[in-house]
Amino acid sequence: MNLTLKIWRQKNANDKGKMVDYKVNDISPDMSFLEMLDVLNEQLVNKGEEPVAFDHDCREGICGMCSLYINGEAHGPDRGVTTCQLHMRMFKDGDTIYIEPFRAKAFPVIKDLIVDRSSFDRIQHAGGFISVNTSGNTIDANAIPVNKHDADDAFSAATCIGCGACVASCKNSSAMLYVGAKVSQFALLPQGKIEATDRVLNMVKQMDEEGFGNCTNTGACEVECPKGISLENIARMNREYLSAALKG
Ligand code: SF4
Ligand code: FES
């Protein structure tokens with residue numbers, strides 16, 4: 001396939017940035033999207049030009065680093081996949097592809113297609129953990145019975161990889177799906193109940209302080225989430241928040 005790429009180039013956080021056109025030829029439909037960008041970067045390096053900066057790590061849908069907005073969709077046109085799992089067979093010979101960074105006030109661009117998602121880390125630090133006694137008297141987690149339905153829902157919530165596609169696809173740049181998943185994975189388990197009140201209050205407070213918008217139930221986040229995180233997690237977080245706020 002021969003393709004035209006229109007890519008957001010931005011030297012640093014202060015640069016204004018602009019879309020720049022590139023051509024790539026002989027792209028195999030079996031390549032991943034990131035491999036196609038590797039081909040482009042090899043061409044640029046061979047010409048002595050600056051390669052396009054983009055985030056990636058595992059390249060197998062686990063780490064959540066590959067945060068690209070492709071033709072106006074987070075992680076591109078396929079469903080239930082990250083950009084590293086997106087195949088070029090989703091495009092046609094002669095296509096023009098627009099590639100931009102995830103856009104949100106709380107995700108400032110660092111360079112080209114790389115954004116700073118440390119706001120997610122700060123939300124996690126605010127309460128996305130359980131405190132465990134590690135003195136040697138720790139009770140084996142398996143010793144506490146957990147209802148199968150709750151265990152399945154907690155596991156589903158825990159599959160969130162923190163990619164930020166939910167924020168990028170929301171017209172309000174809301175992080176409610178992400179925070180809902182992180183609150184739910186503990187709220188559903190007995191181990192998470194002890195710190196539940198502080199957890200939800202602190203995580204929501206941090207989410208607001210980071211500049212994420214509010215949820216207006218459009219559901220774009222659920223559609224674009226590569227891990228199929230359900231809107232039920234937002235509802236559960238709202239219930240947890242109300243109950244924690246009433247407890248004071
Ligand atoms: S909820 Fe989905 S889209 Fe949002 S950060 Fe988690 S995995 Fe990514
Ligand atoms: S590079 Fe890790 S999920 Fe894409």
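Colleague: Leaving aside its neighbours within four places in sequence, which residues is Phe102 in contact with?
Modeller: This is a predicted model, in which local features need pLDDT of at least 70 and side-chain atom pairs pLDDT 80 or more, while totals for chains, interfaces and linings use all residues. Residues are numbered from 1 along each chain as its sequence is written, and chains are lettered from A and ligands numbered from 1 in the order in which they are written. Contact needs C-beta atoms, placed from the backbone, within 7 Å. With neighbours within four places left out, the partners of Phe102 are Ser67, Tyr69, Ala74, Phe107, Val115, Gly164, Val167 and Ala168.

Colleague: Which element gives the largest share of the largest nonpolar core?
Modeller: A nonpolar core joins buried Ala, Val, Leu, Ile, Met, Phe, Trp, Tyr and Cys residues through C-beta atoms within 7 Å, and buried means 20 or more other C-beta atoms within 10 Å (12 or fewer is exposed, in between is partly exposed; C-beta atoms are placed from the backbone). This core has 57 residues, and Phe102 is among the members that touch the most others. Helices (H or I, at least four residues) and strands (E, at least two) are DSSP runs numbered from the N terminus. Contributors of two or more residues include helix 1 (33-46) and helix 9 (232-247), but the largest share, 8 residues, comes from helix 5.

Colleague: And which domains does this core draw at least three residues from?
Modeller: Domain bounds come from an automatic or database assignment, and here they are 3-111 and 117-247. The core takes at least three residues from each of domain 1 and domain 2.

Colleague: How many residues does each domain bring to the contact between them?
Modeller: The centres of the two domains, taken over C-alpha atoms, are 29 Å apart. Where they touch, the contact takes 18 residues from domain 1, and from domain 2 it takes 17.

Colleague: Why do the buried residues of helix 2 line one face?
Modeller: The residues in question are Ser119, Phe120, Ile123, Ala126 and Gly127. Look down the axis of helix 2 and take the directions from the axis to the C-beta atoms. The buried residues line one face because they all fall within an arc of 115 degrees.

Colleague: What are some of the elements that cover those buried residues of helix 2?
Modeller: Helix 2 spans residues 118-127. The cover over its buried residues includes helix 5 (176-187) and helix 7 (196-209).

Colleague: Which helix gives the most to the shell around ligand 1?
Modeller: A residue is near the ligand if its C-beta atom, placed from the backbone, lies within 6 Å of it. There are 14 such residues, and the closest are Cys160, Cys163, Ala165, Cys166 and Cys225. Helix 4 (165-169) is one of the elements that supply at least two residues. The most, 3 residues, come from helix 5.

Colleague: Is Thr134 buried or exposed?
Modeller: Find Thr134 in the loop between helix 2 and helix 3 (148-158). Its C-beta atom has 7 C-beta neighbours inside 10 Å, so Thr134 counts as exposed.

Colleague: What is the phi of Asn71?
Modeller: Most residues other than glycine have a negative phi. Asn71 sits in the loop between strand 3 and strand 4 (73-74). Although Asn71 is not a glycine, its phi is positive, at about 50 degrees.

Key
Two residues are in contact if their C-beta atoms, placed from the backbone, lie within 7 Å.
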